[in-house]
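Open the model in your viewer and set it to a cartoon view. The stops below say what to select next and what is there.

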Amino acid sequence: MRLAVIGCGYVGLVTGCCLAETGHDVVATDNDPNRIATLKAGRLPIHEPGLDVVMQRASAASRLRFTGDCADAVRNADAIFICVGTPPLESGEADLSAIDNVAKQIAAASSSSKLVIEKSTVPARTGDQLRRALNVYGRSTGVTFRVASNPEFLREGTGVGDFFHPDRIVVGVEDEESERLLREIYKPILEGDFCCPVHQPGCPEGRVTSFLVTTIASAELIKHASNSFLGLKISYANVLADLCEKLGANVDEVTQAVGLDPRIGRQFLSAGLGFGGFCLPKDIQAFIHLAEREGVDFSMLKEVEKINKRRIDQLMEKVREALWVVKDKKIGVLGLAFKPDTDDIRFAPAIDVVRRLQSERAVIRASDPVAIERARTVLPGMTFIQDPYEVARGADALLLLTEWKEYRELDWRLIYSEMARPLVFDARNMLSPKDMQSIGFEYHSFGRPDVSAAMPVLVG
Ligand SMILES: NC(=O)c1ccc[n+]([C@@H]2O[C@H](COP(=O)([O-])OP(=O)(O)OC[C@H]3O[C@@H](n4cnc5c(N)ncnc54)[C@H](O)[C@@H]3O)[C@@H](O)[C@H]2O)c1
């Protein structure tokens with residue numbers, strides 16, 4: 001099929017490249033000329049493992065093309081995926097102006113009937129507004145539009161594998177033709193008919209993808225409901241961590257046992273610095289706003305937000321408690337991205353922590369395996385150092401803010417010998433308190449007993 005993808009961010013690029021890999025002809029467009037120039041030069045503007053391979057292969061097979069001209073992408077397409085950003089407004093409501101803008105462009109460029117698919121995360125009932133906008137903007141042409149919702153559940157860092165091997169594909173439609181087109185688009189994925197760069201030589205067998213056909217409003221709601229529940233699980237684990245700290249229990253032990261209940265599950269039940277990124281915080285805000293608009297009391301989600309925001313304060317309290325005076329202390333920061341395997345720093349808790357340390361006039365040196373360039377744009381004047389050992393050298397404290405595998409595998413004995421004061425705040429509960437204590441660190445994490453070198457090492 002001939003597909004257009006509008007918006008070449010994380011979702012648009014993964015969607016466009018992967019659908020091209022499965023045999024469709026894809027033209028992707030973005031209104032950011034620099035982004036399009038980078039893509040046309042064969043480079044990716046984002047860090048997403050495996051995506052470069054998919055992009056190169058699809059481009060070489062002439063199934064994927066990038067253009068800055070939206071009309072060029074839309075004109076010959078049978079179906080159009082809208083993948084533009086829906087950031088939060090000051091009120092928490094989703095800003096849908098990019099969707100409206102795109103509707104105008106689609107209507108102006110279309111001379112034949114199209115299926116327009118919302119892949120961006122949008123509040124329920126956006127589909128109705130989108131259909132109305134397309135018909136109003138295209139009224140002089142007489143072209144008709146079908147609208148569908150196809151929320152995306154990919155996770156940055158594992159986006160390519162998630163797109164090729166989803167647990168569910170949700171399509172919200174209002175007519176049989178839209179369902180037929182979406183089944184055709186996803187047929188190769190449902191049948192495993194693609195070359196997966198994530199699993200070589202072959203993908204694991206026995207994985208089943210559910211193809212769920214719903215109304216448009218349900219599909220829109222499913223995405224917000226999923227992300228809000230994930231945020232809720234994280235905040236739940238974080239309050240458990242607070243309680244464990246008071247009671248001298250260990251939150252890892254508690255969440256491990258709780259999560260072994262298949263009705264609960266282990267994932268997203270991890271205590272730490274809380275959630276960030278472009279999805280969870282804004283989707284929860286938008287969901288709260290939607291519920292309020294409809295007169296439904298979902299204040300439980302306000303608590304989830306509040307608990308999440310408090311994590312930064314709690315980390316700062318731990319830092320102040322251990323350092324006494326933060327001003328002029330040399331602090332090393334490991335991790336800036338909102339989670340590992342991505343360079344995305346949008347709503348990253350690490351960036352907030354750095355800003356708080358800056359406001360207390362600490363002397364900060366920060367590192368991240370891939371997010372330094374992006375972090376530079378929001379933290380001007382900060383010192384960034386790629387080498388984590390160099391960040392630790394001479395530091396009065398080291399803060400672990402993103403759970404990169406690379407940091408778990410550091411030579412912590414070497415770091416111990418390089419630091420001015422061997423003090424570590426592991427805001428992601430990545431390392432073992434026992435191991436850190438045996439090296440001699442003063443070590444703080446969330447919901448697990450703090451350890452200091454002065455305490456005896458517990459064996460057994
Ligand atoms: N990032 C994720 O992991 C993820 C996962 C699932 C769903 N989503 C949702 O998908 C949507 C996109 O997210 P993202 O992370 O890819 O955002 P992004 O900001 O990385 O990308 C959006 C892109 O759209 C472009 N754009 C904006 N207005 C445009 C216009 N009028 N015409 C053409 N291009 C335009 C921007 O230049 C940008 O490149 C959001 O609604 C998000 O909530 C994101």
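Select Ile-312, Asp-313, Leu-315, Met-316, Val-319 and Arg-320 in helix H12, then add Pro-349, Asp-352, Val-353, Arg-356 and Leu-357 in helix H13: these two groups meet. By type, the residues of this contact between H12 and H13 are 7 nonpolar and 4 charged, with no polar ones. Keep in mind that the model you are looking at is predicted.

Now show the two helices whole, H12 and H13 (residues 349-359); their axes are 10 Å apart and the helices pack at an angle of about 45°. Angles that are not under 35 degrees, over 145 or from 65 to 115 count as oblique, and H12 and H13 are therefore oblique to each other. The crossing in which H12 passes H13 is right-handed.

**The other neighbour of this stop**

Keep H12 on screen and add helix H11 (residues 280-293). At what angle do the axes of H11 and H12 cross? They cross at roughly 155° and come within 9 Å. That makes H11 roughly antiparallel to H12, and H11 passes H12 in a left-handed crossing. To see the contact, select Ile-284, Gln-285, Phe-287, Ile-288 and Glu-292 on H11, with Leu-301, Lys-302, Val-304 and Glu-305 on H12. The residues of the contact of H11 with H12 comprise 5 nonpolar, 1 polar and 3 charged.

**The sheet**

Next, colour the strands S9 to S14. In what order do the 6 strands of the open sheet lie? The order is S11-S10-S9-S12-S13-S14, and the pairing is parallel. Strand S11 (383-384) and strand S14 (442-444) are at the edges; each has a single partner strand, so one side of each is left without a neighbour in the sheet.

Zoom in on strand S9 (residues 330-334) and strand S10 (residues 363-367), which run parallel and are joined by 5 bridges. One pair to pick out is Ile-331 with its bridge partner in S10, Ile-364. Bring back helix H12 (residues 299-323), which packs on the sheet and touches S9, strand S12 (397-400), strand S13 (423-426) and S14. The direction of H12 makes about 170° with that of S13.

**Helix H9**

Select residues 216-247, which form helix H9. At 1.5 Å a residue, its 32 residues should span 46 Å, and the end C-alpha atoms are 47 Å apart, which agrees. Then step to Gly-248, just after H9, where phi is positive, at about 75°.

**Helices H1 and H3**

For the last stop, select helix H1 (residues 10-21) and helix H3 (residues 51-60). Their axes are 9 Å apart, and the two pack at an angle of about 50°, which makes H1 oblique to H3. The crossing of these helices, H1 and H3, is left-handed. Show the side chains of Leu-13, Val-14, Cys-17, Cys-18, Ala-20 and Glu-21 in H1; they meet Leu-51, Val-54, Met-55, Arg-57 and Ala-58 in H3. The residues of the contact of H1 with H3 include 9 nonpolar and 2 charged, and no polar ones.

Methods:
Residues are numbered from 1 along each chain as its sequence is written. This is a predicted model: local features need pLDDT of at least 70, side-chain atom pairs count only at pLDDT 80 or more; totals for chains, interfaces and linings use all residues. Side-chain values use heavy atoms; hydrogens and water are left out. Two strands pair if DSSP finds at least two bridges between them. Helices (H or I, at least four residues) and strands (E, at least two) are DSSP runs, numbered from the N terminus. Contact means heavy atoms within 4.5 Å. Axes are lines fitted to C-alpha atoms, for helices over the stretch in contact, and angles run from 0 to 180 degrees between N-to-C directions. The expected span of a helix is 1.5 Å times one less than its number of residues. A crossing is left-handed if the near helix is turned anticlockwise from the far one by less than a right angle, and right-handed if clockwise. Ala, Val, Leu, Ile, Met, Phe, Trp, Tyr, Cys and Pro count as nonpolar, Asp, Glu, Lys and Arg as charged, and the others, Gly among them, as polar.
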